[in-house]
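Subject: Handover of a structure and the findings from it

Dear colleague,

Please find below the structure that I am passing on to you. My notes on it follow, and I would be grateful if you read them with the model open.

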Amino acid sequence: MPRTRLSPRDTLGEALAGMLRRPGRAVLTALGTVLGVGSFVAVLGLTATLSSQIDGRFNALTATEVTVEDIAARQDPFAAPGFPADAEQRLRQVAGIEHAGVLWTVRLDPSATLGSLPSGGTRATGTPVVAASPGAVAALAPTLQQGRLYDDFAERSHQRVVVIGSGVAERLGITTLATRPALYIGQEPFTVAGIISDVRRRPEHLLSVLVPRATAEELWGPPEPGAASMLISTELGAARQVAALAPLALRPDRPEHLKAVPPPDPRLLRSGVGSDLSALFLLLAGICLVIGAVGIANTTLVAVLERTAEIGLRRTLGARGRHVAAQFLTESAALGALGGLVGTSLGELTVVAVSLVRDWTPVIHPVTVAAAPLAGLLTGLLAGVHPAWRAARIEPAEALRR
């Protein structure tokens, strides 16, 4: 028997002819790969887009926050408090700072109550009193519901004013500031200057009563060693520089008595969140690809059984087993590649559509776009191995008897 050859062009032509013989079945066969590759592209694109959004929000809030702690008592029990009285003025020399101030939780007498009357009346039991300078209150980034925040004048003149959260106001029955309601801390009356509905930093202070720092020192004395800290809000990108300079600006004589805590690197958070999301959703995309591969394998195997007589005739006319195997491998690989291309397009459209709805900037890496069709091609190729092997083992005489 003369040696036969099957060129790649002929192999591709036979594969396309086999696909077009039943186009409906070919489309349904490729649907699994379309879903798998589409999920793959959409998952990676949405993960990259979401990570970018997380990075931006993290930078806008946490990455612009610096905390300075008073550690003087740890090094010297007889050392003076770490924060000077003019701490806010000293930090104005440091570029990149928006707001800064000292705050601490006041330690009240156990018998002192907090309520609308000196004794009795509506009480807010367990509500902490926080001494906070005007800069610290501003650094919390509060949203005012009523009234106003106390300012530097209230601090300098030791005024008896407070700012409370909406939850505390509700517990005390304060619904309006038009009547200038009073709040008693122990026997000391304070005018409620403002009610805040939200804070962007330190949300626990929504359940606190904020008192000017100087007023708190006058009534209850200075903070205990190590109890005070300083909250600094910075411009974007200046946090680490501010953290390095703040101790020296506050205490040039003893900068080691203060410990500045810079924000963590936002890239680590983005990497961690992105890795978790990718691991979870890529597993789902992988399952879709496996389902697509099983669909292609089953359909190709059915096609082999249906075309047994055709395969026998080809073998009788001189086609070798590898030629038949190459034809079916090419057919399944073409179905996989077609599904990969369509799935890639659908995945990109999904990322863009979600980004438009959420007002995000879509992020799709070029490697993902390039690898997705190849994943479809590989899926189809692997799915066609067993059917092609079955087709290559069909004997001509047995096939022609059917």
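In which loop is arginine 180 found? Arginine 180 sits in the loop that runs between helix H7 (166–172) and strand E7 (182–185). Please bear in mind throughout that this is a predicted model.

**Backbone in the loops**

Arginine 180 has a positive phi, near 50°, although the residue is not a glycine. Most residues other than glycine have a negative phi. The relative accessibility of arginine 180 is 63%, and the residue therefore counts as exposed. Arginine 202 also has a phi near 50°, again a positive value in a residue other than glycine. Arginine 202 belongs to the loop between E8 and E9. A positive phi of about 85° is found at glycine 221, just after H8.

**The chain as a whole**

The secondary structure of the protein chain consists of 15 helices and 11 strands. The chain has 402 residues, of which 44% are buried. If one takes the contacts between residues at least 6 apart in sequence, 83% of them join residues at least 24 apart. The accessible surface of the chain is about 20700 Å², and carbon and sulfur atoms account for 60% of that surface.

**Helix H8 and its surroundings**

Helix H8 covers residues 213–220, and its buried residues are Arg213, Ala214, Thr215 and Ala216. Several elements take part in covering these buried residues. Among them are helices H4 (87–91) and H6 (152–156). Strands contribute as well, including E2 (97–105), E4 (129–132), E8 (188–199) and E9 (209–211).

Arginine 213 also forms a salt bridge with glutamate 217, with an N to O distance of 3.6 Å. The two residues are 4 apart in helix H8, which means that about one helical turn separates them. Which of the two partners is buried, and which is partly exposed? Arginine 213 is buried, because its relative accessibility is 8% and the cut-off for burial is under 20%. Glutamate 217, at 31% relative accessibility, counts as partly exposed.

A further group of charged residues is joined through shared partners: salt bridges link Glu65, Arg201 and Arg202 into one network. Arg202 is the loop residue whose positive phi was described above.

**Other salt bridges**

The structure holds 11 salt bridges. Side chains of opposite charge can pair when their charged atoms come close. One such bridge joins glutamate 224 to arginine 107, with the closest N and O atoms 2.7 Å apart. Glutamate 224 lies in the loop between H8 and strand E10 (229–234), while arginine 107 lies in the loop between E2 and strand E3 (114–115), so the pair ties together parts that are 117 residues apart in sequence. Glutamate 224 is partly exposed, at 42% relative accessible area, whereas arginine 107 is exposed, at 68% relative accessibility.

Another salt bridge brings together the side chains of arginine 90 and aspartate 86, at 3.1 Å from N to O. Both partners are partly exposed: arginine 90 has a relative accessibility of 25%, and aspartate 86 has a relative accessible area of 32%.

With kind regards

Conventions
Residues are numbered from 1 along each chain as its sequence is written. This is a predicted model: local features need pLDDT of at least 70, side-chain atom pairs count only at pLDDT 80 or more; totals for chains, interfaces and linings use all residues. Side-chain values use heavy atoms; hydrogens and water are left out. Buried means under 20% relative accessible area, exposed over 50%, partly exposed in between (1.4 Å probe, protein chains only). Contact means heavy atoms within 4.5 Å. Accessible areas come from the Shrake-Rupley method with a 1.4 Å probe; for residues, only the protein chains shown count as cover. A salt bridge is a side-chain nitrogen of Lys or Arg within 4 Å of a carboxyl oxygen of Asp or Glu.
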